[in-house]
Amino acid sequence: MDFNRVTLLADHAHGPAQPRSLIPLTRREFLKGAGILTGTLAASSILAALAPSRAWALELKTLASAQGDALLQMGKVLYPHKGLPDAVYALLAKDLDAAAGKDPKTAQMLTEGVAALDKAAGGSFVTASDAKKLEAVKSLEGTPFFNTVRGQCITSLYDNDMAFAHFGYPGPSWDKGGYINRGFNDLKWLPAPSASASPAPYKA
Amino acid sequence: MAKFELNDDSVVVIIGSGAGGGTLANELCQKGVKVVLLEAGKHESPATFINDEWKSFGQLAWLDKRTTSGTWRVAKDFSGLPAWICKTVGGTTTHWAGASLRLHEHELRARTVYGDIKGASLLDWPLTLKDLEPFYSRAEDKMGVTRTHDIPGLPGNNNFKVMYAGAKKAGYKDCNTGHMAINSRPRKDRGSCLQIGFCFQGCKSGAKWSTLYTEIPAAEKTGKLDLRPQAHALKIEHNDAGKVTGVVYRDADGKDQRQKARVVCVAGNSIETPRLLLLSASPKYPDGLANSSGQVGRNYMRHMTGSVYAVFNEPVHMYRGTTMAGIITDEAANNPKRGFVGGYEMETLSLGLPFMAAFLDPGGWGPDFTYFMDNYTRLAGMWLVGEDMPRPTNRVTLNSAEKDQYGLAVPNVHFDDHENDVAMRNHAYAAGEKVYQAAGAVRTFRTPPYPSTHNLGTCRMSANPRDGVCNKWGQTHDVANLFISDGSQFTTGGAENPTLTIVTLAIRQAGYLAEQLGKRSI
């Protein structure tokens, strides 16, 4: 793998303190960027409770709406999760848009990559069937475009509050006193270990 | 805290404040020796540690540019990140899991016991387990290791319960919550473990031993320690007689400083330690300091590693509680009938959601990958860690084509798995899967090695100066007042997590060093 992935890891670790919050749900009329992605969280989604409103919109500063949409859809092909809302996959488009804004070469690579996806899908990647989409993504495996998008998925899709809620990962525990009194050893579906192997917790 | 003059040539300069350097500093200060402790990273504290994997990684990890080569999987998956170690006061003792196991007697005689393994540069250590035992005991007391010194074991979390049930069903005998330098009850002004679950991100309760809040403040109390954070060592200097005279470092303001020294001890972990010796090449030592043997940077070891994650029908929530919550030691013995020499340990491990995505299957995508993420709350995990073979070609060198932020050649880490490593890894994967299948796993996954945390051997100790860089005290064969004080000293790797042995060697080295200083022999 090229150096890209590690710079990406390092950038993410160092990056401007981006709160792992929901994407900004800016009112649509104020969005002036190059592109806009919009969607609605399903009322049944547990994430709906996290959002100030179920409707979301995301401004792209460098990429066009169609390009952002294609990248969002590519994320869904690469990392398909039933029930994970598009709002999470939109974070991928947002982060790639930010990368494109920082570096014209990245912008060009993403533009060409989306064009290649469309071509491989026989015209429009976004409207192609699931099977056709998968085929198009597979045909680009190993290209710098594929590697960049796939690598970005790892941090964009799995390091945000919506993903945490969806996958059942609570994040920080220190502020809640750890798990000493909150189920660190509450598993009951297997026989308990012996007291010598696993002594009782310390009680003050 | 003491402040010593830059031109005070009576001080001992220690480079690196982790398990080796931080411990050595305290031990020397307790004996009245003046120490300047140079640490490249910043000074954090339990209060500033972050329960967030990526943010903590940015805060603690060593992210200076490095390159990789060789056929090891890490070079493919993390080409610029060969090691997951730390640049912060306390070094990698902020990040370590706490497993504190003694080396086995036979591991210190690897060449004799394993024989002449083709393609390996095995050597017996120039010391024995008997030599180390009293120092191991002191280290365990210092660190508060559970199941030693009448300290009870830690309570097992859910991840351990799965391991334990599987181990018993699979026929393993020895499975418990391990020997951990994590307080199972309050001890030495530190509280007991709150089962927070972010051991790798710095222990916010301070229950896990780290030099950051044990050795270093204890050393400061003596008035003999001058700790200098954000002081990155650039070069060790020497005089015409060949003795080292001081260290040039870049300070927090970006200025170069020259600290004179009576003795220099290098404890920068096994990539930076040999790199600094190589960067310190001079007309007198054209191949680098202490490198007449040509062994500086060679025999780089990183332990045979791999992980097994398993999905169950019922919830596990492995992220709750201590990251390394238990161990199976049955496979640690040397039993060549398994198709390899040396042994391995099986230790629980968990990752949060963000790092599970990054490390489960680097480069992986599609439904096979997302299946495991979808089942995150029903995952159990274990790490497999065993002895790897030293090889002269597995090596840290200077990559002069790439420069770091100080303008210095970056280290390149070259590693090829020995066939013994591959055979052991495959055996360990199968053993891990067997444990989880016995506990009822629906599906298991063989996760490839993470960037190395157990970096060892690049300045190894040897009886014969031709075979290694330092003697049994860590004193370099070539330069009497230059010491290696970290895991670089390891002659071979053993199967056990190395921190306890690094601390043990540092305690032992401090005694020798103070004695030599007293005798004025260095």
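How many residues of chain B are in contact with chain A? In this predicted model, the count is 56 residues of chain B, set against 45 residues of chain A. On the chain B side, helix 2 (53-60), helix 3 (73-77), helix 6, strand 4 (175-176), helix 9 (353-359) and helix 10 (367-374) each put in at least two residues. Helix 6 of chain B gives the largest share, with 6 residues. As for chemistry, the side of chain B that touches chain A splits into 27 nonpolar, 20 polar and 9 charged residues.

Taken by itself, chain B is built from 12 helices and 17 strands. Its 522 residues would give a radius of gyration near 24 Å if they formed a compact globule, and the 22 Å found for chain B agrees with that. The C-alpha trace of chain B spans about 70 × 50 × 45 Å along its principal axes. Some 63% of the residues of chain B count as buried. Among contacts in chain B with a separation of 6 or more, 75% are between residues 24 or more positions apart.

Helix 11 of chain B (residues 419-438) is worth a closer look. Its 20 residues reach 29 Å from the first C-alpha to the last, close to the 28 Å expected at 1.5 Å a residue. The buried residues of this helix are B:Asn420, B:Asp421, B:Met424, B:Arg425, B:Ala428, B:Ala431, B:Gly432, B:Val435 and B:Tyr436. They cover an arc of only 130° around the axis, so they sit on the same side of helix 11 of chain B. The spacing fits a general rule: an α-helix has 3.6 residues a turn, so residues three or four places apart point the same way. On the other side of helix 11 of chain B, B:Val422 and B:Ala430 are exposed.

What do the buried residues of helix 11 of chain B pack against? Their partners in chain B are helix 6 (158-170) along with strand 10 (304-311), strand 12 (344-348), strand 13 (379-386) and strand 16 (443-447). Helix 6 of chain B thus turns up in two settings, as a packing partner of helix 11 and as a contributor to the side that touches chain A. After helix 11 of chain B comes B:Gly440, with a positive phi near 100°.

Two other spots in chain B give a feel for burial and distance. B:Lys221 belongs to helix 7 (residues 215-221) of chain B, and it is partly exposed, because 13 other C-beta atoms lie within 10 Å. From B:Lys221 to B:Leu194 is 27 residues in sequence and 28 Å in space, C-alpha to C-alpha. B:Glu5 lies in the segment before strand 1 (12-15) of chain B. With 12 C-beta neighbours inside 10 Å, B:Glu5 counts as exposed. The C-alpha atoms of B:Glu5 and B:Glu314 are separated by 62 Å, with their positions 309 residues apart along the chain.

Chain A, for its part, has 7 helices and 2 strands, in the order α-β-β-α-α-α-α-α-α along the sequence. Of its 204 residues, 39% count as buried. Residues 24 or more positions apart make up 71% of the contacts in chain A with a separation of 6 or more. The average pLDDT of chain A is 87, and 84% of its residues score at least 70. Over residues 1-8 of chain A, however, the pLDDT is below 50, although this stretch has 19 contacts in the model beyond near neighbours in sequence. Where pLDDT is low, the predicted coordinates should not be read in detail.

Technical notes
Residues numbered from 1 in each chain as written. Chains lettered and ligands numbered in written order. Predicted model: local features only at pLDDT ≥ 70, side-chain atom pairs only at ≥ 80, totals over all residues. Helix = DSSP H or I, 4+ residues; strand = E, 2+ residues; numbered from the N terminus. Expected span 1.5 Å × (residues − 1). Buried ≥ 20, exposed ≤ 12 C-beta atoms within 10 Å, placed from the backbone. Arc of directions from axis to C-beta. Contact = placed C-beta atoms within 7 Å. Nonpolar A, V, L, I, M, F, W, Y, C, P; charged D, E, K, R; others polar. Rg over C-alpha atoms; globule rule 2.2 N^0.38 Å. pLDDT = per-residue confidence, 0-100.
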